[in-house]
Structures are given as C-alpha cells and as structure tokens.
Amino acid sequence: MNPYVLTTLIFALGLGTTVTFASSHWLLAWMGLEMNTLAIIPLMAQHHHPRAVEAATKYFLIQATAAAMLLFAATTNAWVTAQWDILQMSHPFTVTLITLALALKIGLAPLHSWLPEVLQGLDLTTGLILSTWQKLAPFALLVQIQPANPWLLIVLGIASTLIGGWGGLNQTQLRKILAYSSIAHLGWMILVLQFSPSLTLLALFTYLIMTFSMFIIFKLNKSTTINSLATSWAKTPALTSLTPLILLSLGGLPPLTGFMPKWLILQELSKQDLPAIATMAALSALLSLYFYLRLSYAMTLTMSPNNLPGTTPWRLRHTQLTLPLATSALATVALLPLMPAAMALLTP
C-alpha cells in the first residue's frame with residue numbers, strides 16, 4: 001500500500017477514536033465510530049485476497065448495522081427527552097438498544113459470530129488493530145451509559161466468557177483462537193462495568209498489552225495455525241521459551257499479569273452479592289485456559305517433522321522491530337506487583 005495512503009488511514013483511525021473519546025453528543029460519537037469503520041476497511045482489503053475481501057465486506061455490514069441501531073436509538077432518545085447528551089441517557093428502551101449496538105460493534109456474545117470469521121480473513125497486523133484499537137471507542141461509550149436493566153450487562157458478560165471459552169476449544173487457526181480469546185476477555189470486562197468502571201479499564205489495559213504481545217509473536221514467527229507453531233524452536237528459541245508465560249498470563253494464572261484483573265473482578269462480584277456469577281466466570285476461565293495450554297504444548301513440547309521437501313527453518317536475522325515486543329512481553333509477565341499502584345491511579 002502507498003505509504004501516503006497508509007498514513008492517511010492510520011491518522012483517520014486515530015482521529016475517529018479521539019472524536020468518540022472527546023464527544024458528549026451522540027451525533028459526534030456516531031461520526032467518530034463511522035470514521036473508524038471507514039478507515040480500517042481499506043486496510044482489511046489491501047491484499048486483494050478473496051478471504052480478505054470477504055472479511056472486509058462482513059465487517060462493513062456488521063458495523064453499518066450497529067451504527068444504524070445506535071443512530072436510531074440516539075434519535076429516539078432525542079425525540080423522547082429532547083437532548084443528545086451521552087451522559088443524560090434515561091429512557092430504558094434507548095439505553096438497552098445502544099448497549100446492544102455497542103455489544104455488536106465489539107463482538108460480545110451472543111452478537112459475536114462475525115468476529116472469528118472476520119479475523120480469520122485478515123493478516124496479523126490488521127487483526128491486531130481490530131482486536132485492540134477498534135475496541136476503545138465503543139468501550140468509551142459503554143462506560144458513560146448506565147443500562148436500565150442491571151442484568152443486561154451481566155448476561156452479556158457471562159455469555160461472552162462461556163462462548164469465548166467453548167468456541168476456542170476445537171480451533172486450529174490461531175486467529176480464530178485469538179478471536180474467541182477476545183470474546184472471553186471482553187465478557188470479563190462487561191461483567192464488572194456497572195459496578196466498577198475503573199476495574200473495566202484496568203482489565204482492558206492488560207488485555208491490550210497481552211493481545212499485542214501474542215499478535216506480534218505470531219507475526220514474528222509467521223504462524224497462522226497450531227501446527228506451524230512447532231517450528232518456533234528453530235526460528236526463535238528464546239521467544240519460544242517466553243511465549244508459554246504470555247499464554248498463561250492470558251489465561252489468568254498467578255503470578256502473571258493476567259491474574260490481576262480477573263482476581264479483582266471476582267472480588268468485586270463477590271462484594272456485590274453475586275457469588276453464582278463469580279463462580280460461573282471463574283469456571284469459564286478454565287475453558288480458555290485449556291486452549292492456551294494447548295498452544296503452549298504445541299509451541300514448546302512438539303517438534304515439526306523433518307523431511308526432504310520441507311526442512312525446519314533455521315534462525316535468520318529479523319527485520320522486524322523487537323523493542324515493542326520486548327516491552328509488551330515484560331508487561332504481560334511481570335506487572336502483577338504493580339497492582340496496588342494501578343488501583344490507586346484508577347480509583348477516584
């Protein structure tokens with residue numbers, strides 16, 4: 001892609017998210033979300049592969065549907081209450097419709113089925129943008145509105161954690177596994193959103209770091225399936241040794257960073273007299289942990305078959321920058337001791 005076009009699209013992505021962050025008017029927020037959608041679609045279809053074009057088309061249709069729902073709900077709210085302020089949402093119907101529209105935008109269950117298929121059709125760099133940056137603007141709106149029915153977010157969160165765990169069990173494509181991992185993590189964030197928004201932001205921050213690390217690792221190894229992970233020992237042995245720690249951090253095992261938000265979310269749910277919901281969320285984490293362990297096993301404890309037509313690739317000098325990966329991998333593994341400082345910054 002032409003670097004000037006690429007720069008323009010990246011700038012439009014950042015501007016769309018910033019407009020949504022800064023807006024207090026529903027039309028401005030909607031405009032920022034549309035800028036985001038229109039900026040990422042050329043990035044999705046840049047390789048002119050049928051799967052990429054299909055993914056871009058699906059993404060456009062889903063985002064257009066969600067944007068139409070959001071605009072309809074905001075217009076209905078303005079008709080009923082005579083105001084467009086995001087923080088002044090009071091009508092139960094419009095709040096529920098906007099919550100469902102934003103859930104469709106980020107891929108919460110049961111509105112999730114588009115996310116694995118779209119992510120599977122993209123290259124790893126665009127998939128990284130879709131899994132991280134594109135979640136920020138809808139989350140900024142979700143944090144600002146309070147649903148009329150407190151059980152709506154709880155049902156969406158539990159459904160996402162369960163489906164994100166079940167869906168990834170039988171997958172062999174790494175991008176689909178990361179998609180279901182994203183759905184499960186989003187479920188944890190949504191569960192605690194109405195009780196402690198600061199915890200949701202902490203979980204979102206740690207999710208962004210961990211997902212960034214995994215996408216960069218797969219991009220460095222040029223791996224898109226579980227079988228291709230078996231060649232990692234020959235290409236990047238040091239990184240292959242570190243990757244299981246990052247995967248287990250995604251699964252939420254102590255003493256790694258991913259344990260921090262899950263522990264605090266379970267604690268908050270227990271404080272809110274929701275022990276059954278906390279138990280279901282904790283058990284659903286075991287489902288996700290299984291396929292993280294499966295990836296760890298495939299990457300570190302298996303060797304790729306060697307034959308004459310296809311020998312194991314040897315270590316070559318990489319042209320990709322490793323500093324972002326080193327920084328994010330360190331944060332993914334070792335941020336747990338900084339939990340009190342993070343909570344002090346996020347607590348009002």
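Q: What makes α10 stand out in the lining of the second largest cavity?
A: α10 gives the most to that lining, with four residues. A lining residue has an atom within 4 Å of a cavity point. This is a predicted model: local features need pLDDT of at least 70, side-chain atom pairs need 80 or more, and totals for chains, interfaces and linings use all residues. Numbering runs from 1 along each chain as its sequence is written, and side-chain values use heavy atoms, without hydrogens or water.

Q: Why is the space of about 70 Å³ called a cavity?
A: On a 1 Å grid over the protein atoms alone, a cavity is a set of points where a 1.4 Å probe fits but cannot get out. The second largest cavity holds about 70 Å³. Its lining is His185, Trp188, Met189, Ala203, Thr206, Tyr207, Met210, Gly258, Pro261, Lys262 and Ile265. Two or more of these residues come from each of α9 (174-191), α10 (197-221) and α13 (259-271).

Q: How do you know how many residues of that lining are nonpolar, polar or charged?
A: Ala, Val, Leu, Ile, Met, Phe, Trp, Tyr, Cys and Pro count as nonpolar, Asp, Glu, Lys and Arg as charged, and the others, Gly among them, as polar. The lining of the second largest cavity then divides into seven nonpolar, three polar and one charged.

Q: What does the largest cavity hold, and which residues are closest to its centre?
A: It contains about 100 Å³ of space. Of its 13 lining residues, Tyr59, Gln63, Lys105, Gln134 and Pro138 are closest to the centre. The volume is the space filled by probe spheres set on the grid points, which are joined across faces, edges and corners. α2 (26-44), α3 (50-81), α4 (92-106) and α7 (136-144) supply at least two lining residues each. α2 gives the most, with three.

Q: Why is α7 described as largely enclosed?
A: Buried means under 20% relative accessible area (1.4 Å probe, protein chains only). Seven of the nine residues of α7 meet that limit, so the rest of the structure largely encloses the helix. They are Leu136, Ala137, Pro138, Phe139, Ala140, Leu141 and Leu142. These buried residues pack against α1 (3-22), α2, α3, α4, α9 and α10; contact means heavy atoms within 4.5 Å.

Q: What makes residues 201-220 helix rather than strand?
A: Helices are DSSP runs of H or I with at least four residues, strands are E runs of at least two, and both are numbered from the N terminus. Residues 201-220 are 100% helix and 0% strand, with end C-alpha atoms 28 Å apart. The unreviewed UniProt entry includes this span among its "transmembrane region" features. Such annotations may be inferred rather than shown by experiment.

How values were computed
1 Å grid on protein atoms, 1.4 Å probe; cavity = no way out; pocket = protein on both sides within 12 Å on 5 of 7 lines; lining within 4 Å. Buried < 20%, exposed > 50% of the residue type's maximum accessible area, 1.4 Å probe, protein only.
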